[in-house]
Amino acid sequence: MRRRWIALSMSLAALLGCSAQRQEAEFQSKYMAPRFPSYFKDINSVEDLMPYVRTLVRAKVGFQGKGLGEAGPGDTVALIVPSTAEDMVIEAIHRAYDERKVKAEIVWYHDLVGVTREQALALDKARRPYTAEKGFMEAANWINGVFADRNVPKQWLKERRPDLYSELFPPSSELSKELEEVANKMERREFARKLREYIERHPNVRGIFWGQGGSTGLRRSLYPHDKKLLGLFTYTNRYEVMSKISSFPGDVWALVEERTIEPLGWIDRFEATDPEGTQLVTDLTEDQADRWNRGSYQRGHLYMFPNQATGRFPYSFVEYPAQESKWVSRSPMALPSGVIAGTHSGSGLIPRIEVHFKNGYITDVKGGGVYGEAWREFLKYPKLNELTFPFHQERGFWYLYECAWGSRPKDFRNPFYLERGSIGPERMRAGVIHWGFGLRLWHDPDKPVESPSWIKFSKDNNTPDDHGWHIKTYFSTYKVRVRGTDKWLTLMDGGHMTALDSPEVRALASRYGDADAVLAEEWIPHIPGINVPGKYEDYARDPWKTVSAVFERIKNGTYEYFYPPVAKKTG
């Protein structure tokens, strides 16, 4: 009898093991399995970084602009460096430029505005004393950053929801008088003014590399020196430098983007779904599709929804980052219906949230923890549902503005930013969708400078001058229908950009090595119930619990999904 029970137990164990293996295989067959780069190393000196930065300063193509390799022998360029950057990384880049006979002026943020580095770092710590666990703090950053007088919405929220106010603005976040003065000096418009003065004082500088994203706003703020912005400067930490981001071929990248946006002028409907719950549909007129097509391009941040692609002077695909001479009007806007759902804000992790749309306008926000609570309050903020904003026919603020796609497969979730309260840079990875909510208009029809009409309207009404609420989705499927036909094109399939599989892209990639390796995504998030076994409902209640556990295993080298695979460690 005992032998029978032992045999039965062994059979059950084998069956359970097979079941678990089958379950994992099913997840992997439907969505891409998790990944995290296995090639990061311990860095102890500038010399350790030199092999990486030598590649970096030769790359001519970059996210939302030129790469650092745009500068050639004899050129002088300025690197506008955040005070939080790692000294060793900046020194290595400077040395690599010297090797190429390029003079690099290192301009630290704090030096430009006349404060000490200690003051700048103290301000950064006061503003972000948290990790990406507190994704809801994007709401606080929006309130502080987009109103002409931020104290008005803060007082409004404090009176309505003192409990919520204390979550977003704890006493520890109140700035001292000294840090308030530092913050005023580093305010974005004041900082841009100082940078324009720097450019005027240094006519020998061919151009600058500045900013982590939002290059349209950066260029606009530099006018009439906007052409001096050669590209962004995102290489502030060892992870970014050691990654394969800078080695991804520029011509391959451009072809992937071209294949993706090519159909947009010829469609009459798009549909987006995601296993976290997104289901969104939008019908388009021929005029809407045409305006979208004209304004859809931004390198590494494709505007895959008409509203963000309009109300601006669009970028030229052929002569990027030059802008076209004809303004693209915003209205009539695209008006989707359905739901966008996820567990990531623009800043970090949040409990699962749903944003519901009807005829283009947000009708409800469900879940989301503190982030959702704050959002529901501001759906009722005075004037936002009654006013008609400049260059819009439609009334109200709470529209879907952004469906931006990353398009470079080598980007990843960077521990440097995760520990500093941000997951923003991972939106650059091909297949990540960055959804943005609320209105923003970039230019008036006369010239590509910050819209005077928009600024005046925002100040006069103390309404937001920008969107700022976000949800990221990672396994989306996005289809478009060719106008007048029943033919559908799948541009993204389960979080994978299908342009990466096109024969032309693969042929071009093969010039740089094995096409599979060149085009492979380096990082894929780890989400139980979607691409690894587990219950999504448990994950969705506290996604940070999963993310922090994953990064603990990454740190100690025991993560089971390193890419390329490595021999397992025991701890």
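**Close-up 1. Strands S17 and S18 (residues 488-493) run antiparallel and are joined by 4 bridges.** As in every panel here, what you're looking at comes from a predicted model. Across this pairing, Arg481 sits opposite Trp488 of S18. The two strands make a hairpin with 5 residues between them, and in it Gly484 has a positive phi near 75°. S17 (residues 477-482) also pairs with strand S8 (residues 267-273), again in the antiparallel sense, this time over 6 bridges. To find your way along that pairing, look for Ala272, whose bridge partner in S17 is Tyr478.

**Close-up 2. Four strands make an open antiparallel sheet in the order S10-S14-S15-S16.** Which strands stand at the edges? They are S10 (302-303) and S16 (469-473); each has a single partner strand, so one side of each has no neighbour in the sheet. Elsewhere in the sheet, S14 (residues 400-405) and S15 (residues 433-437) run antiparallel and are held together by 5 bridges. Cys403 is a handy landmark here, with Trp435 of S15 as its bridge partner.

**Close-up 3. Helix H3 (residues 87-99) and what covers it.** H3 has 13 residues, and at 1.5 Å a residue they should span 18 Å; the end C-alpha atoms are 19 Å apart, which agrees. Which residues of H3 are buried? Met88, Val89, Ile90, Ala92, Ile93, Ala96 and Tyr97 are. An α-helix has 3.6 residues a turn, so residues three or four places apart point the same way. The cover over the buried residues of H3 includes two other helices, H2 (46-56) and H12 (238-242), plus strands S4 (76-81), S5 (103-108) and S6 (207-210).

**Close-up 4. Two residues other than glycine with positive phi: Lys101 and Asn359.** Lys101 follows H3 and belongs to the loop between H3 and S5. Its phi is near 65°. Is Lys101 buried or exposed? With a relative accessibility of 62%, Lys101 counts as exposed, because the cut-off for that label is over 50%. Asn359 has a phi of about 50° and lies in the loop between strand S12 (349-358) and strand S13 (361-367). Asn359 is exposed as well, with a relative accessible area of 55%.

**Close-up 5. The second largest pocket has a volume of about 520 Å³.** Its lining is made up of 22 residues; Phe40, Lys41, Asp42, Ile554 and Lys555 are the ones nearest the centre. Where does the lining come from? Strand S1 (36-37), helix H12 and helix H21 (543-555) each supply at least two residues. Sorted by type, the lining has 13 nonpolar, 3 polar and 6 charged residues. H12 may ring a bell: this helix is also part of what covers the buried residues of H3.

**Close-up 6. Two cis peptide bonds, each leading into a proline: Tyr320 to Pro321 and Tyr563 to Pro564.** For the Tyr320-Pro321 bond, omega is about 10°. Pro321 lies in the loop that runs between S10 and strand S11 (337-344). S10 is one of the edge strands of the open sheet described above. For the bond from Tyr563 to Pro564, omega is near -10°. Pro564 is in the segment after strand S20 (562-563).

Definitions and conventions
Residues are numbered from 1 along each chain as its sequence is written. This is a predicted model: local features need pLDDT of at least 70, side-chain atom pairs count only at pLDDT 80 or more; totals for chains, interfaces and linings use all residues. Side-chain values use heavy atoms; hydrogens and water are left out. The expected span of a helix is 1.5 Å times one less than its number of residues. Buried means under 20% relative accessible area, exposed over 50%, partly exposed in between (1.4 Å probe, protein chains only). Contact means heavy atoms within 4.5 Å. Two strands pair if DSSP finds at least two bridges between them. On a 1 Å grid over the protein atoms alone, a cavity is a set of points where a 1.4 Å probe fits but cannot get out, and a pocket is an open set with protein on both sides within 12 Å along at least five of seven lines; lining residues have an atom within 4 Å of a point. Grid points are joined across faces, edges and corners, and a volume is the space filled by probe spheres set on the points. Ala, Val, Leu, Ile, Met, Phe, Trp, Tyr, Cys and Pro count as nonpolar, Asp, Glu, Lys and Arg as charged, and the others, Gly among them, as polar.
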